[in-house]
Amino acid sequence: MVDDIKKIAEKSGIVLSQEEALKVQKELKRWCKPSIRAEGEIIKTRDGSFTLISKEYGEPYHSVYAGAVRECYEKFLLPSGLIDKVKKNNKITIIDIGFGLGYNSVVAIHHLKNINPAMEIKIYGLDKTFPSKLPPMPEPYRNLHNKVWENRDALEREGILIKLIEGDIRNTIDSIKDKTDAIFHDPFSPFRNPEMWTIDLLREVTSKLKEDGIWVSYTSALCVRKALKILGFFVGESTPVGRKRGGTVCSPAKRLELGIQEERKLKLSPYAIPLKDKTLKTPPREILIRYFCEVIKIKGT
Ligand SMILES: C[S@@+](CC[C@H](N)C(=O)[O-])C[C@H]1O[C@@H](n2cnc3c(N)ncnc32)[C@H](O)[C@@H]1O
């Protein structure tokens, strides 16, 4: 494995000593181990709603501690600014990245339609592969969730247009030509699903935002916050749910802010450098190795 790390580093023009390669290996082991070892594929989360476990990524589709539905409402819908926006607008567009079971979209549609029943909503749901198993959503979301998967024509008659786009987002994001009010960015975590969090992909994704649009994510990872800062966005933190640090939000024109402590971490931590994927084709493991090589070099100086 160490030789493999050295070879990948070399490809990016980084020369690693044996000691440095061992340190990179240690970082990979530390950050990339599975977060959960569940027996079954479907588990109950803290708010009583169910979610799926991904064996491939070693992670649940939703936070078990926060609760699946609670996470959608508090970590995505509330910080997105959409609740205020639908009070004044009759048309809303959302990109739901890592559409998964569709919970984020279902929770958003339900609450936004309650506020403004006349609202038309268009959602682009992007995922590498849509899940073959779907845990049932609790009330009051069940009927809507079933329609999202089984009867999108009926939803269209109610002014809800859902366009599902399957494939690696690095190949599909460009097919969206609309500017959107909100982007829910909900892949697995940055060190287990790195191709979804590179500065290069974030540049593409955020280029779809309207000036007052908001990109929302559950992560507080420094590599992501730093990338958004470098891209020139206002970056802020959403209210923490079930843990100490909140998620991340950013916008081209809405004035969002991180606290002093977070800004300090972004200046001083060796981990506060972006993940990179210039070609949007780099294998995920290479993205990570390159990142940790850079981290090790910074730590060593
Ligand atoms: C945490 S789950 C999403 C949960 C979902 N938002 C929900 O509410 O059910 C992460 C999703 O990201 C998707 N994903 C991972 N890598 C991807 C890629 N390269 N392109 C597109 N989707 C990807 C996975 O297939 C998975 O469905």
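Begin by selecting the ligand in this predicted model, and then show the 21 residues that surround the ligand, of which the closest are Gly 98, Gly 100, Leu 101, Tyr 103 and Lys 128. Two elements give two or more residues each to this shell, namely helix H5 (103-115) and strand E5 (120-127). If you colour the shell around the ligand by class, you will find 10 nonpolar, six polar and five charged residues.

Next, select strand E5, which is mostly covered, since six of its eight residues are buried. Add strand E4 (residues 91-97) to the selection, and you will see two strands that run parallel and are joined by seven bridges. To pick out one of the pairings, label Asp 96 and look for its bridge partner in E5, which is Gly 125.

From E5, follow the chain into the loop that leads to helix H6 (142-150), where Pro 140 lies. The peptide bond to inspect here is the one from Glu 139 to Pro 140, which is cis, with an omega near 5°.

Now move to the loop between helix H11 (260-268) and H12, and select Leu 280, which has its place there. Although Leu 280 is not a glycine, its phi is positive, at about 55°. Is Leu 280 buried or partly exposed? Leu 280 counts as partly exposed, because it has 17 C-beta neighbours inside 10 Å, whereas a buried residue needs 20 or more.

Beyond that loop, select helix H12 (residues 284-300) and display the distance between its end C-alpha atoms, which are 25 Å apart; this agrees with the 24 Å that its 17 residues should span at 1.5 Å a residue. Show the side chains of the buried residues of H12, among them Ile 287, Leu 288, Tyr 291, Phe 292 and Ile 296, and note that Arg 290 and Glu 294 also belong to this buried set. To see what these buried residues pack against, add helix H1 (2-11), helix H2 (18-32) and helix H10 (222-230) to the view.

Finally, zoom out to the whole chain, whose secondary structure comes to 12 helices and 10 strands. The C-alpha trace spans about 60 × 45 × 35 Å along its principal axes, and the radius of gyration of 20 Å agrees with the value near 19 Å that a compact globule of 301 residues would have. Colouring the chain by burial would mark 44% of the 301 residues as buried. Among the contacts with a separation of 6 or more, 70% are between residues 24 or more positions apart.

Technical notes: Residues numbered from 1 in each chain as written. Predicted model: local features only at pLDDT ≥ 70, side-chain atom pairs only at ≥ 80, totals over all residues. Helix = DSSP H or I, 4+ residues; strand = E, 2+ residues; numbered from the N terminus. Rg over C-alpha atoms; globule rule 2.2 N^0.38 Å. Buried ≥ 20, exposed ≤ 12 C-beta atoms within 10 Å, placed from the backbone. Contact = placed C-beta atoms within 7 Å. Expected span 1.5 Å × (residues − 1). Near = placed C-beta within 6 Å. Nonpolar A, V, L, I, M, F, W, Y, C, P; charged D, E, K, R; others polar. Pairing = 2+ DSSP bridges.
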